[in-house]
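User: Could you walk me through this model, beginning with confidence and then moving to the interface?

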Amino acid sequence: MNQVVPSNKRGLHEIATTEDHEDFVTMFIEGQMFGIPVLVVQDVLGPQKITRIPLAPPEVAGSLNLRGRIVTAIDVRMRLRLPKKKAEIGEGMSVVVDMKGELYSLRVDQVGEVLSLAAARFERNPPTLDPLWREFSTGIYRLEEKLLVILDVPRLLDFTRSEAI
Amino acid sequence: MDDLLTEFLTETGESLATLDVELVKLEQNPSPQILSNIFRLVHTIKGTCGFLGLPRLESVAHAAENVLGKFRDGELTVTPAAVTLILASIDCIKGILAHIEQTEAEPEGDDKDLIAALNAHAEGKGAAAAPPPAAAAPPPAPAPAPAPAAAPEPEPEPAAAAPVPAPAPAPAPVAAAPDHHDEPAPSVPAPVAQAQVPAAGAAAANQESALAAQTIRVNVELLENLMTLVSELVLTRNQLLQMVRGKDDSEFATPLQRLSHITTDLQEGVMKTRMQPIGNAWAKLPRIVRDLSVETNKKIDLQMLGAETELDRQVLELIKDPLTHMVRNSADHGLEMPEDRKKAGKAEVGKIVLNAFHEGGHIIIEISDDGRGLGIQRIKNKAIANGLATEAEIEQMSDQQIAQFIFRAGFSTAEKVTSVSGRGVGMDVVKTNIEKIGGTIELKTVDGKGTTFTIKIPLTLAIVSALIVECANERFAIPQISVLELVRTTATSEYGIEVINNAPVLRLRDRLLPLVSLRTLLKLQDSEDDRAETFIVVTQVGNYTFGIIVDRVFDTEEIVVKPVAPILRHINMFSGNTILGDGSVIMILDPNGIAGAAGEMAAGAQPVAEKAQSRGEVRAEDQQSMLVFRAGGDDLKAVPLALIARLEEIEVTDIEASHGKPVVQYRGKLMPLVTIDPAFQLKTEGQQPVLVFSDHEHTMGLAVDEIVDIVEEQLKIELAVSQPGLIGTAVVSGKATDIIDAGYYLTLAWGDWFGSEKDSRGTTPEGLRVLLVDDSPFFRNLLTPLLSVAGYDVTSVESPDKALNLRDSGATFDVIISDIEMPGMNGFEFAEAVRHDGPWSQLPMVALSSHATEQDFERGREVGFTDYVAKFDRDALLQTLAQTLSTKGAA
């Protein structure tokens, strides 16, 4: 099945590093900027036709067809316990990531540019951060104007240990 | 040819081809890595030979291995002479292999010279020993078996293998093809003419390459990938078809049709590459059974039928272990020791029969033995001991239900753990494995006669046909395999969905079908509008049939089952998901999961862990569905649901009178309405709820106040009452409920329903066992409570055959009550059969019939009925029973 998508087969663990710089795809939910390592990203999608999955955890928005592969859509907003989406945000966008051969699409409000960030700007999560966020985040990058929360994709998609179900 | 041998030959052929190359490399560059490679290859060959019982091959390989071992350990240096020697032994091995391939046996003779040379070399005298010519290996003697050239058996000998050195090239005809056995069992060895044809080696080599050109070895992964690609192609084709559908004039239509055909052909072709005869999964069984028979001192005859039945590789892999396990069980637990068998009047040799065949897109595999059966009593004890059920529960179960306990985790009936089986892991794993691939397993067991397991599995897991349905604007796929039929209901149709205390049911051909609403089950949003029509997908899981209510039904589509994402695996309503022709993702419903949920809903307080299917069976056989209603007062009344043909609400204005009694026109006939007691007042406006009882041409309506519920419960009458119309009082759903005597009301409505009434009552005996044989569920349901209330212990069966089965399984009764008019064997024949021989030949038998003429009485007595009672003269029946039994007691 893997042949269908001309995907990069690199795993999650390798991170493109050029002189202590890491590349992140940025995205926004409720004005907050998040980032995920660029190498786990397969695709960035606009609004998609989604099939709802009855009885699924509320964070699972449904599943969609990405060039013949079934992708499970995760509502990141819901996952991070952010307030319900306002109507003006519209359909939003999705970032498709590969987790152990399974594709997931992370639904966010908007996807931003790819940033290459120096490791020097990285900081661990402040202890005051919401425990739930601390669990889903590996750390924070200090940018000029805002803070970039790096999401831990494997944890974000690990529903077995989450109490949210 | 034996599959194991074929595999060995193919594998060794490949190893040898590698060896040739490696050895030449070794000569040029004696690196330790090459050496150990070679050593390993030769070692493998030696090991496998020993396993397969090929001593000659083994000894050569062993000698060569010795030399190689010395090389590897640095005790000997690699010299051209040594390599030549090794090459010679490899050639020898090849010669022997070629012979084996031809005849399945090693050539006669030995390789003393070669082995001696090898040993000498190993001892350091290598230089002295001149390498014997390769001809030391006697050329193989191919026995040209008169088999058709199109042998289907893949015997891919790599063409790269060097031709077998043969001293004399002979122009032997290449007509010989390896004999092919469809049966993988190491059956009869090929009819081999042992004549040594010294020149046929070359011919064999030629033929080998011819064979090699016809078959190739392909990596399984490649096939899997191919299958995946074809699956995707099927999806894409479906997608295109969907787009062109409805556009008749599309220029794409013709090429698309062609594409469609080709895709189908391709799909079939690729499927075929994955198909393997089920015999492959059985190949090891004869050996296992043989070993077992030695170990346990039993004589076992294993018969394998339908070994050529093909099924998907993947499925085959998955059922291999369960099958092996079950055959082991049969041999170890099922079959008795020869002396026990003799005592039981059976042949000393126990039989285990494996039978595989295709049936409607499924493979059916039966594993049966003629052993002692499962030992219901032992299962009972064990189930109680292991806390799987209480004694009371067990008491209420039929033997078949008790047998189901063997599928429960932690259950093993073997009295002692043998090395073979009896470790308590087993049938539950078997069942889980089979269900995992969408299969079912059923078992039948007769004490002393044997046990039969029937496994039903889908042909392939990759592409299945599914019915697409819609509910609350969401579409779902249901595997076609589980769908029995579709029923469309509308507000105006004759059969609508009826709801009894939120439990929907449907009348389907005189049966009430429990329904589940997909909407409720999947917690889908309620659509506001009342739909004009709904569809019911009648689904079968195991023995449990139920209906799934959906909004719409589309067509069927070939779908490719893809597993759901790991985070969704806990939802057991879905077995997977797929992409439809229109590109949308759709969930595939799992009928097993739905049956489970439906069962839970119905069974309420039962422990969730219990499997849905067994629950379904319990309900189906053991418990009675009771309709609870109110009529003439607040107290609850109930009647067995099976007695009720329909529930109706009749417009009060439609009620007419005939002879002062209320009647309604119902389905073109007049249906008398009766009331629960004379004081009961029919409603004066609106609709009158009516329970409709029907049996053949008679229909009667019982007017009630309100229908309360349908409950499933073991009907146990606690208080018998003498009030007419009531059988007694039972606890239903925790409430005291009067069980009404439908028979009483039937006679009120139709005097001739059961014949004339009499006014005498017999005495009531206690705890006497009555066997009731009647094909009509109506009468069985009517008589069972009546007789129970009179103190009898009643067992009812629907046919004389079943009754005779009971007899053969050792059940005992005090009296038999039998209907006369029954399909198949009628009552007279049944009586003759009972009287003829067997443990029941002396039992009193009472005939029941609506044809109570003098001749019938006479005939009944002639064939052996003790008495004859008009159906349904309840009191006379009770009286007759009492009389019959007392005479019997006195005699």
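**Confidence and interface**

Analyst: In this predicted model, confidence in chain A (pLDDT, the predictor's confidence in each residue, from 0 to 100) is lowest in strand 1 (residues 17–18) of chain A, at a mean of 50, and highest in strand 3 (residues 32–37) of chain A, at 90; strands are DSSP runs (E, at least two residues), numbered from the N terminus. Residues are numbered from 1 along each chain as its sequence is written, and chains are lettered from A in the order in which they are written. Local features need pLDDT of at least 70, side-chain atom pairs count only at pLDDT 80 or more, totals for chains, interfaces and linings use all residues, and side-chain values use heavy atoms, with hydrogens and water left out.

User: What's the mean pLDDT of chain A?

Analyst: The mean for chain A is 79, with 82% of its residues reaching 70 or more.

User: OK, how much area do chain A and chain B bury between them?

Analyst: They bury about 2,200 Å², of which 66% is on carbon and sulfur atoms; this is the accessible area (1.4 Å probe) that two parts lose on being put together, summed over both. R52(A), L55(A) and I70(A) supply 29% of what chain A buries against chain B, more than any other three residues.

User: And how many salt bridges cross the interface?

Analyst: The rule (a side-chain nitrogen of Lys or Arg within 4 Å of a carboxyl oxygen of Asp or Glu) finds one across the interface of chain A and chain B. E474(B) pairs with R52(A) in a salt bridge, their closest N and O atoms being 2.8 Å apart.

Technical notes
Helices (H or I, at least four residues) and strands (E, at least two) are DSSP runs, numbered from the N terminus.
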